[in-house]
Amino acid sequence: MAKILVCDAIDEKCINTLKELGYEVHQQTGMDEATLIEKVPPYHAMIVRSATKVTAKVIAAAENLKVVLRGGVGIDNIDSEAAKEHDVHVRNTPAASSHAVAELALTKMFALAGKYTLANASMQAGKWEKKKFKGTELAGKVLGLIGSGRIGSEVARLASALGMSVIAYDPYVTTFEFGTLVDSKEDVFKTADYISLHLPFNESTANIVSKEMIDLMKPTAFLIQCARGGVVDEAAFAAAAREGKVGGGAFDVFADEPLGDSPLRGIDNIILTPHIGASTKEAQARIGDELVEIIKEELPL
Ligand code: 3PG
């Protein structure tokens, strides 16, 4: 019987369906490398999200492993090279969470524009500071995207409906349905009122939002980071926000997760959330359905 090790929080229905189909499914979350190395040998599939690190050592120990499934998009927590060497497939669910992440990016834009998180904190503290919370509107502003794939396109579609104009930098595409492509990331950083990141993390994108890029931003502009941790120089951005060189920013993903002591904490014009872009009921249900289909394909009964 094919054995599946579920290492992160996955939709209940997915786990139950796999069991009903006849797979042997065990779930244990929060495993470090040593625990994974000890547990993984009998399993034919691992299901992970972003928390579990599937390192080369884990893959080497996984003598029966056929496939690592990433319930979600980013696979930078999986050593794909090591997987390839051991003939282990790596599969993800690239489309299932696009709308959830796009809604979070928009939510962050609204919150920054209207200072809503600050207004809420002030009200919860028993104050009534109406004059302090004069916001701005998204309508009429320029949204600049770095990356115009599934999520970037969804953000652009929603933002267009709000009356924003959209520009995008994406070296991998030649057409973009929801806005105007520009030739360089500098064009985006110089021009946009909101800059939203929608690109993967890899060698060429590490710290792509460098101090140099941040220095190009308008003093009123906001940065939205719902892409992958590691694509922004977080210390440089925190310094710029603290010094009022940029309007502010909103981060859902971080170079080191869970986020510990960070220069991004404790700054009024920065909104932080704990990597919840794909954490909607609907997205997790879609991811779960897709995982079942992938398991059926990779490990036919
Ligand atoms: C993804 O890559 O799918 C998102 O970053 C969500 O990650 P998560 O599944 O760990 O919430």
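**Exercise 1. Helix H10**

Which residues of helix H10 (residues 234-242) are buried? Work that out, then say what they pack against and what sits at each end of the helix.

*Solution.* Keep in mind that this is a predicted model.

Step 1: go through the helix and pick out the residues under 20% relative accessible area. You end up with Glu234, Ala236, Phe237, Ala238, Ala240 and Ala241.

Step 2: look at what lies against those buried residues. They pack against helix H9 (211-216) and three strands, namely E10 (222-225), E11 (248-251) and E12 (270-272).

Step 3: check the ends. At the start of H10, a side-chain oxygen of Asp233 comes to within 3.3 Å of the backbone nitrogen of Ala235. After the helix comes Gly244, with a positive phi near 70°.

**Exercise 2. The ligand and its shell**

List the residues around the ligand, sort them by class, and find polar side-chain atoms that sit by its oxygen atoms.

*Solution.* Step 1: collect the shell. The ligand is surrounded by Arg49, Ser50, Arg70, Gly71, Gly72, Val73, Gly74, Arg228, His275 and Ala278.

Step 2: sort them. The shell has two nonpolar, five polar and three charged residues. If your polar tally comes up short, remember that Gly is put with the polar residues here.

Step 3: go for the polar side-chain atoms. Ser50 has one 2.4 Å from a ligand oxygen. For His275 the distance from a polar side-chain atom to an oxygen of the ligand is 2.6 Å, and for Arg70 it is 2.9 Å.

Step 4: ask how much of the ligand is covered. On its own the ligand exposes 320 Å², and the protein buries 92% of that.

**Exercise 3. Two neighbours in helix H5**

Take Ser98 and His99. For each, decide whether the residue is buried or partly exposed, and name its contacts from farther along the chain.

*Solution.* Step 1: place them. Ser98 belongs to helix H5 (residues 98-114), and His99 is found in H5 too.

Step 2: look at accessibility. Ser98 has a relative accessible area of 8%, so count this residue as buried. His99 comes in at 30%, so this one is partly exposed.

Step 3: list contacts, skipping anything within four places in sequence. Ser98 is in contact with Arg150, Ile151 and Glu154. His99 touches Glu154, Arg157, Leu158 and Arg286.

Step 4: look for a polar contact. The side chain of His99 makes one with the side chain of Glu154, at 2.6 Å.

Step 5: link back to the ligand shell. Ala278 is one of the residues surrounding the ligand. The C-alpha atoms of His99 and Ala278 are 8.7 Å apart, although 179 residues separate the two along the chain.

**Exercise 4. Salt bridges**

How many salt bridges does the structure hold? Pick some out and say what each one joins.

*Solution.* Step 1: the count. There are eleven salt bridges.

Step 2: take a pair from two helices. Asp289 and Lys13 meet through their side chains, 3.2 Å from N to O. Asp289 is in helix H11 (residues 281-298) and Lys13 in helix H1 (residues 12-21), so this salt bridge ties together parts 276 residues apart in sequence. Asp289 is partly exposed at 40% relative accessibility, while Lys13 is exposed at 51%.

Step 3: now a pair inside one helix. Asp215 and Lys211 form a salt bridge, with their closest N and O atoms 2.8 Å apart. Why can these two pair up along the helix? They are four residues apart in H9, so about one helical turn separates them. An α-helix has 3.6 residues a turn, so residues three or four places apart point the same way. Both partners are partly exposed, Asp215 at 44% and Lys211 at 47%.

Step 4: try the same reading on H11. Glu293 and Lys296 lie three residues apart in this helix, about one turn. Their closest N and O atoms are 3.4 Å apart in the salt bridge. Glu293 is partly exposed at 43%, and so is Lys296, at 37%.

Step 5: finish with a network. Salt bridges link Arg91, Glu297 and Glu298.

How values were computed
Residues are numbered from 1 along each chain as its sequence is written. This is a predicted model: local features need pLDDT of at least 70, side-chain atom pairs count only at pLDDT 80 or more; totals for chains, interfaces and linings use all residues. Side-chain values use heavy atoms; hydrogens and water are left out. A residue is near a molecule or strand if one of its heavy atoms lies within 4 Å of it. A polar contact is a pair of N or O atoms within 3.5 Å; within protein, one must be able to donate a hydrogen and the other to accept it, and residues adjacent in sequence count only if both atoms are side-chain atoms. Accessible areas come from the Shrake-Rupley method with a 1.4 Å probe; for residues, only the protein chains shown count as cover. Buried means under 20% relative accessible area, exposed over 50%, partly exposed in between (1.4 Å probe, protein chains only). Contact means heavy atoms within 4.5 Å. A salt bridge is a side-chain nitrogen of Lys or Arg within 4 Å of a carboxyl oxygen of Asp or Glu.
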